[in-house]
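Here is a friendly walk through one protein chain, from its overall layout down to individual side-chain pairs. Keep the viewer open as you read.

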Amino acid sequence: MEYLGEWLKTILYMNVLLVIVESLVQKTKYESYVKFFSGILLMLCLMKPVVDWANAESLAGFSYLKNQWESERKLLPGSGEFRRVEEEMRENYEEAVKNQIVRMAQGFSFVVTETGIDWDRKREKVAKIFVCGRQKEDGSFQKEEFCEALAGYFDLEPEDVEIAAD
């Protein structure tokens, strides 16, 4: 019932708007164009329930396909080949993350000797970062700034980044 009320309200508002616009352009060369387009707009407003119903049908089909995909995706992790490929990808990604940490540390006058990463397996992302190293002789190490830079880059909270400096 609420949908019907909203639909009728839309038609009423559209009619009021179109009457105002038509009265403003009355007896000008644009009057026929305005009437043509106002008729199209009014027809679109009248057809809205049909369009919404058709869209709901297509969304129901999409929902079915999405559910099928999710159920099949749940079966995949059970296969050994999938787990092997997933683990290999995670190791490659972890290596890339460690390399990125080393590159970022150079900008903060810090030499990384060891890195560690904890994974959030549900969200499939880095959950915590551990960095051990020492300050370069020629620079001053800004531990807090480095911690914030790592947290921002890897979408973590600053307390999820641990830095141990010698």
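## Layout of the chain

Four helices and three strands make up the secondary structure of the chain. This is a predicted model, and its elements run α-α-α-β-β-α-β from the N terminus on. The chain has 166 residues, and buried residues make up 22% of them. Among contacts between residues at least 6 apart in sequence, 56% join residues at least 24 apart.

## Helix α1 and its neighbour

How does the span of α1 agree with its residue count? The helix has 23 residues, which at 1.5 Å a residue should span 33 Å, and its end C-alpha atoms are indeed 33 Å apart. Along this helix, W7, I11, M14 and L18 are buried.

Helix α2 also offers a buried residue to look at. S38 lies in α2, and it counts as buried because its relative accessibility is 6%, under the 20% cut-off. Not counting residues up to four places away in sequence, S38 touches L18 and E22. L18 is one of the buried residues of α1, and E22 falls within the residue range 2-24 of that helix.

## Two nonpolar cores

Which residues have the most contacts inside the largest nonpolar core? They are I101, F110, V131, F146, L150 and I163, in a core of 21 residues. The elements that give two or more residues to this core are α3, β1, β2 (125-135), α4 (143-153) and β3 (161-165). There is also a second, separate core of five residues, which includes W7, I11, M14 and L18.

F110 is a good residue to select in the viewer. Leaving aside its neighbours within four places in sequence, F110 is in contact with a list of residues including A105, V131, F141, F146, I163 and A165. The same list includes C132, G133, R134, Q135 and K136.

## Aromatic pairs

How many aromatic pairs does a search of the whole structure find? The search finds five. One of them joins F36 and F37: the ring centres are 5.3 Å apart and the planes are at 75°, so the pair is edge-to-face. F37 is partly exposed, with a relative accessible area of 49%.

Y93 and W119 form a tilted aromatic pair, with 5.4 Å centre to centre and 50° between the planes. Y93 lies in helix α3 and W119 in strand β1 (residues 110-120), so this pair ties together parts that are 26 residues apart in sequence. Y93 counts as partly exposed, at 41% relative accessibility. W119 has a charged partner too: R90 lies over the face of its ring, at 5.5 Å from the ring centre. Elsewhere, ring pairs link F108, F110 and F146 into a cluster, and both F110 and F146 are among the residues with the most contacts inside the largest core.

## Salt bridges

Side chains of opposite charge can pair when their charged atoms come close. A search of the whole structure finds four salt bridges, and three of them are described here, helix by helix.

In helix α1 (residues 2-24), E6 and K9 are three residues apart, about one turn of the helix. Their closest N and O atoms are 3.7 Å apart, and the two form a salt bridge. E6 is partly exposed, with a relative accessible area of 42%, and K9 is also partly exposed, at 37%.

In helix α2 (residues 31-75), E31 and K35 are four residues apart, again about one turn of the helix. They form a salt bridge with the closest N and O atoms 3.8 Å apart. Both partners are partly exposed: E31 has a relative accessible area of 23%, and K35 has one of 46%.

Helix α3 (residues 80-106) holds E94 and K98, and being four residues apart, they are separated by about one helical turn. The closest N and O atoms of this salt bridge are 3.5 Å apart. Is K98 buried or partly exposed? K98 is partly exposed, with a relative accessible area of 22%, because buried means under 20%.

Key. Residues are numbered from 1 along each chain as its sequence is written. This is a predicted model: local features need pLDDT of at least 70, side-chain atom pairs count only at pLDDT 80 or more; totals for chains, interfaces and linings use all residues. Side-chain values use heavy atoms; hydrogens and water are left out. A salt bridge is a side-chain nitrogen of Lys or Arg within 4 Å of a carboxyl oxygen of Asp or Glu. Buried means under 20% relative accessible area, exposed over 50%, partly exposed in between (1.4 Å probe, protein chains only). The expected span of a helix is 1.5 Å times one less than its number of residues. Rings of Phe, Tyr and Trp (its six-membered ring) pair if their centres lie within 6.5 Å; planes under 30 degrees apart count as stacked, over 60 as edge-to-face and the rest as tilted. A charge sits over a ring if NZ of Lys or CZ of Arg is within 6 Å of the ring centre and within 35 degrees of the ring normal. Contact means heavy atoms within 4.5 Å. A nonpolar core is a set of buried Ala, Val, Leu, Ile, Met, Phe, Trp, Tyr and Cys residues joined through side-chain atoms within 4.5 Å.
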